[in-house]
Amino acid sequence: MAGKLITFYGCMFAGKTTALLNHIQSSDYKLSEILILKPSLDFRAGLDFIKTHDGKSIACNSIERDSNIDELITPFTKLIAIDEAQFFDKIFYADLKRFLAKGINIAAAGLDKDYLARPFGLMPLLMQMAADNHELFAKCNVCGTLANYTYRKADNKVLVLIGAENYYEARCETCYHL
Ligand SMILES: [Zn+2]
């Protein structure tokens, strides 16, 4: 039977990583049956941790965004969990389709839109392929209603800025366009 892809998507500060960790923890799989991935944006590959804004963490494989992940898959792998999925190269898309066909489930968390409200990297493709898409919301930094846009405060045009809280905030659609 083919595997199932689900996504957790939304703006920054919407709790996407927390939702992914909850999904991993509520699954019946052993840790040895789960492959947890995140993109290595600074080219340091290896053992790393996924951390949530509320302080939870779990060990994961930090890999380059165009990596071949076949060597990380074992005959026991039942779930691939991907954080910051928007940053992975589109090469990854075909690989993930192949793993789904083999019966491996996939859960992917990521930003659906970048700070200019454009579709972000791999995420829209994953959402098209998914059996379930869970939209998550943050709280608008201006008016306090549900937010699904990431607003950049700093005047810096580089797409990937680390140190999120200083540069970005969540906004609702109305306040995003202020
Ligand atoms: Zn607002």
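These legends go with several views of a predicted model.

**View 1. The whole chain, with its 5 helices and 11 strands.** Measured out along its principal axes, the C-alpha trace spans about 50 × 30 × 30 Å. The radius of gyration is 16 Å, and a compact globule of 178 residues would come in near 16 Å, so the two agree. Take the contacts between residues at least 6 apart in sequence: 72% of them join residues at least 24 apart. As for burial, 35% of the 178 residues are buried.

**View 2. The largest nonpolar core, made up of 43 residues.** Look for Cys11, Ile80, Ala85 and Ile106 here, since these are the residues with the most contacts inside the core. Strand S6 (residues 105–111) is the top contributor, giving 5 residues. Nonpolar side chains tend to be buried together in soluble globular proteins.

**View 3. Zooming in on Ala85 and the residues it touches.** Leaving out anything up to four places away in sequence, Ala85 touches Ala108, Ala109 and Gly110. Leu122, Met123 and Leu126 are also on its contact list. Ala85 is one of the core residues with the most contacts inside the core.

**View 4. Strand S2 (residues 34–39) and its parallel partners S5 and S4.** S2 is largely enclosed by the rest of the structure, because 5 of its 6 residues are buried. With strand S5 (residues 79–82), S2 pairs in the parallel sense over 4 bridges, and Leu35 sits opposite Ile80 there. That Ile80 also turns up among the best-connected residues of the largest nonpolar core. Strand S4 (residues 57–63) runs parallel to S2 too, joined by 3 bridges, with Leu37 opposite Asn61.

Notes:
Residues numbered from 1 in each chain as written. Predicted model: local features only at pLDDT ≥ 70, side-chain atom pairs only at ≥ 80, totals over all residues. Core = buried A, V, L, I, M, F, W, Y, C linked by C-beta atoms within 7 Å. Buried ≥ 20, exposed ≤ 12 C-beta atoms within 10 Å, placed from the backbone. Helix = DSSP H or I, 4+ residues; strand = E, 2+ residues; numbered from the N terminus. Contact = placed C-beta atoms within 7 Å. Rg over C-alpha atoms; globule rule 2.2 N^0.38 Å. Pairing = 2+ DSSP bridges.
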